[in-house]
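Hi everyone, thanks for making time this morning. I'd like to walk you through one chain, from the overall layout down to a few single residues.

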Amino acid sequence: MRRVMAVLGVVGLGIGVLAGCGPAERPYTPQEAASPASGQPAPSPSKSESGTAPASGPETLKIGGDKLRVRIEWPDDPDPLLKLITGYYVASRKALVSGSDRYLKDLDLELTAVREAYDWVHGYTEEDMTVRGDARLYNLRVAALVGKGAQVNACVDESDVRVLSARTGEAVEPQPAFVREPYLQSVLAHRGDDGVWRIRSFSYGEKGCSR
């Protein structure tokens, strides 16, 4: 349990720390892009050319049979970039439910994000912990889209998710704080020269989402 909270603490340090998106461009800062005072263009709501857009409306995915259910509330006319954050969430939870990190291998991640994603999952699996229950992703949006950089946000409600011992099936006590209240998750992404959008880093926030 101490290891999990340590991992979450390290990830939490990334809140508001926004990486550059390529040496050939001005360093990318989504908050700056969203601010008129910066002199930069406002975030563009236009489509991101990242494959087929998902259908709008709610979608429920079942992980591990019926062990974890994830409800994704797609907005009207969703941008394909939203699949970066939903794809990561689903893959990481599949890893927790199964106890294997193999589900992370098909994600589009840059090296720094690879380390973050695997460390987060291993923080649970190495402590023999898993998750059960119902999760909800809502208020998905592209918060900023500037050149080859993007920030994608989602609200995550895991108040009906429980962290369990994979060995005994009993709830871990105390439960991690993040399963008690909805939180904001963000991914910072960069489009490579091959046209593929890849997650560069993750951040989490306690504010900005409500039920």
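Let me begin with a question: what percentage of the contacts in the chain with a separation of 6 or more comes from residues 24 or more positions apart? The figure is 64%, where contact means heavy atoms within 4.5 Å.

Before going further, a word on the source. This is a predicted model, in which local features need pLDDT of at least 70 and side-chain atom pairs count only at pLDDT 80 or more, while totals for chains, interfaces and linings use all residues. Residues are numbered from 1 along each chain as its sequence is written, and side-chain values use heavy atoms, with hydrogens and water left out.

Now the overall layout. The chain has four helices and six strands; these are DSSP runs numbered from the N terminus, with H or I over at least four residues for a helix and E over at least two for a strand. Going along the sequence, you meet them in the pattern α-α-β-β-α-α-β-β-β-β. The chain has 211 residues, and 45% of them count as buried. Buried here is under 20% relative accessible area, exposed is over 50%, and partly exposed is in between, using a 1.4 Å probe and protein chains only.

Let's turn to the sheet. The six strands form an open sheet in the order β1-β2-β3-β4-β5-β6, and the pairing is mixed; two strands pair if DSSP finds at least two bridges between them. At the edges stand β1 (57–63) and β6 (197–205), each with a single partner strand, so one side of each has no neighbour in the sheet. From one strand to the next, the twist averages 25°. For such angles, axes are lines fitted to C-alpha atoms, for helices over the stretch in contact, and the angles run from 0 to 180 degrees between N-to-C directions.

One pair to look at is β2, residues 68–74, with β3, residues 129–146: these strands run parallel and share five bridges. Within that region, R71 sits opposite R136 of β3.

Next, the helices on the sheet. Helix α3, residues 82–98, packs on the sheet and touches β1, β2, β3, β4 (149–165), β5 (183–191) and β6, with its direction at about 165° to that of β3. Helix α4, residues 111–125, lies across β3, β4 and β6 and runs at about 50° to β6.

And how do these two helices meet? Two packed helices are described by the angle between their axes and the distance between the axes. For α3 and α4, the axes come within 9 Å and cross at roughly 30°. The two helices are therefore roughly parallel to each other, a label given to angles under 35 degrees, with over 145 roughly antiparallel, 65 to 115 roughly perpendicular and the rest oblique. On the α3 side, Y88, S92, R93, A95 and L96 take part, and they meet A117, W120, V121, Y124 and T125 of α4.

Now for some single residues. I199 lies in strand β6 and is buried, at 2% relative accessible area. Leaving out residues up to four places away in sequence, I199 touches residues including L84, Y88, L109, A113 and V187. The C-alpha atoms of I199 and T112 are 8.9 Å apart, although 87 residues separate them along the chain.

D157, in strand β4, is also worth a look: D157 counts as buried at 9% relative accessibility. Its side chain makes a polar contact of 2.7 Å with that of S159. A polar contact is a pair of N or O atoms within 3.5 Å; within protein, one must be able to donate a hydrogen and the other to accept it, and residues adjacent in sequence count only if both atoms are side-chain atoms. Beyond its neighbours within four places in sequence, D157 is in contact with D134, A135, R136, Y138, P182 and R211.

The loop between β4 and β5 holds Q175, which is buried at 11%. Which backbone atom of V163 does the Q175 side chain reach? That side chain reaches the nitrogen of V163 at 2.8 Å, and also the backbone oxygen of V172 at 2.6 Å. P174 is in the loop between β4 and β5 too, and the peptide bond from E173 to P174 is cis, with omega near -5°.

Last, the backbone at N139, in strand β3: phi is near 50°, a positive value in a residue other than glycine. N139 is partly exposed, at 43%. Thanks, and over to you!
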